[in-house]
Amino acid sequence: MTRFESPAQHDDRLVRLPDMARLRLLLPSNLDVAGLASRSVADFVGAINDYFVAAGSPPRRWSLDADRIAGAYGSDRLLRQNGQPVQMFAELSGFFPTRDGWIRTHANYPHHRRRLCLAMGLDDTATAADFAAKVSGLDATDVEEAAWPVGALAVRVREPGEWTPPEGVVVSDHLVDRREATRQPRDRPGGPLSGIRVLDLTRVIAGPVATRSLALLGADVLRVDPPAMPEIAVQHIDTGQGKRSTFIDGKASSGRARLDALLAEADVLVSGYRPGAIEALGLTVPPGLVHATVNAWGAEESWRDRRGFDSLVQAVTGISMIESRSTAGERPAPGALPVQALDHSAGYRLAAAVVRALTRQIEHPSGHRISVSLAGVAAELLEARQGVRTTEGAALTNTAVVTHGDVTTARPALAEFADYASIAHPLGTDSPTWV
């Protein structure tokens, strides 16, 4: 097992970092969000150059742009449909005061909303006011402990240091002997990852950002959603560029057979489910595959099976209280990072780790297991804590967005690409086959 505690160093001669003063204006925070974003994107382009060299091509020069990085990280806020902004967070997603503190909830998906209402003994038509009134008379810990058993998402907002995230961001593991893992090479006529097949079993932001980044390099990315519980449509519009999308019911025997057939010809599997979920479906993961996973809580044993999102990890790790903007004399109210930086950074780190695993396979074919956690990214952000908030802000320029028809989305974080190869295909409209 090889643990990478921080991103690999980039070559300053080939990777020019963004204007950090401007990036901090675009991503103002009490933590060094701008530094985290810059390092994560630089790690990705550094991995691309390593791949170029291993494949016998010269590395290329990269010039990271502050506006493009900030736009990609804040893509949900730049998303427009018919010129109108899109609300990503649902009514019952947010901070709510309790008798002794605060909780943070996540109820964007209908099933999470139902479970949250169930945990609090409310009808699933409850409004935010109904929910707030209910939890105001409860202790935050009691709300958290009632939520987990029924699959609801509500955590107690903690002070920094109360919950210690696991160390390290990326863990890579060789799974099998390289002689067993040799795979048939395919022609690669286009970008650096042309011919690489990526099966995408991820949701929300971190995993989709990783697979979108691989698609940007020419990989054939096939996103799979269960037909009974697909991704939120606007979420997919924001992160689904460059991919194909299909529906497969992995709980049905025919669906598992289809997934096994896709896996047999895939090079990379990217999954965003909790540990053990892929194995629980009964899928056969081929020995030579690069299996990359992203999860919320990392290797912390008592939390590893719990569901989680960027906003919840911010609350549990103390980031929300660091971002508090309460004035003297007020009850401290939690805040949030200017963007969902844990998700986006985890996505670029995961993509970088996949590219590096593919690089190692060029000379030494073998399977790899890669894992990135949002809590691990949070640990890095907290470790580099510094007061960088500014009362001033800067507006993104038009170079950060692109419009196709009635939809406006963020451009790629890498300024060398004007746009993705395609807009997000409507969910479930592609064949469950490889190109």
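Q: What makes G94 and T105 in β7 a facing pair?
A: In this predicted model, G94 stands opposite T105 in β7, and the two strands concerned, β6 and β7 (residues 102-105), pair in the antiparallel sense over four bridges. Strands are said to pair if DSSP finds at least two bridges between them, so the four bridges of β6 and β7 satisfy that condition. A strand here is a DSSP run of E with at least two residues, a helix a run of H or I with at least four, both numbered from the N terminus.

Q: Why are β6 and β8 said to stand at the edges?
A: The open sheet has the order β6-β7-β8, with antiparallel pairing. Because β6 (94-97) and β8 (154-156) each have a single partner strand, one side of each is left without a neighbour in the sheet.

Q: How do you know that β4 and β17 pair?
A: Two bridges join strand β4 (residues 80-81) to strand β17 (residues 407-410), and the two run antiparallel; since pairing asks for at least two bridges, the condition is met. R80 has T408 as its bridge partner in β17.

Q: Why is R244 called buried?
A: Buried means under 20% relative accessible area, exposed over 50%, and partly exposed in between, with a 1.4 Å probe and protein chains only. R244 has a relative accessible area of 14%, and is therefore buried.

Q: What makes the approach of R244 to T433 a polar contact?
A: The side chain of R244 reaches the backbone oxygen of T433 at 3.0 Å. A polar contact is a pair of N or O atoms within 3.5 Å, where within protein one must be able to donate a hydrogen and the other to accept it, and residues adjacent in sequence count only if both atoms are side-chain atoms; the 3.0 Å distance therefore falls within the limit.

Q: Why is N82 called exposed, and V204 buried?
A: N82, in the loop between β4 and β5, has a relative accessible area of 60% and so counts as exposed. V204, in the loop between β10 (197-201) and α8 (206-216), is at 12% relative accessibility and therefore counts as buried.

Q: How do you know which residue numbers and atoms are meant?
A: Residues are numbered from 1 along each chain as its sequence is written, and side-chain values use heavy atoms, with hydrogens and water left out. Because the model is predicted, local features need pLDDT of at least 70 and side-chain atom pairs count only at pLDDT 80 or more, whereas totals for chains, interfaces and linings use all residues.
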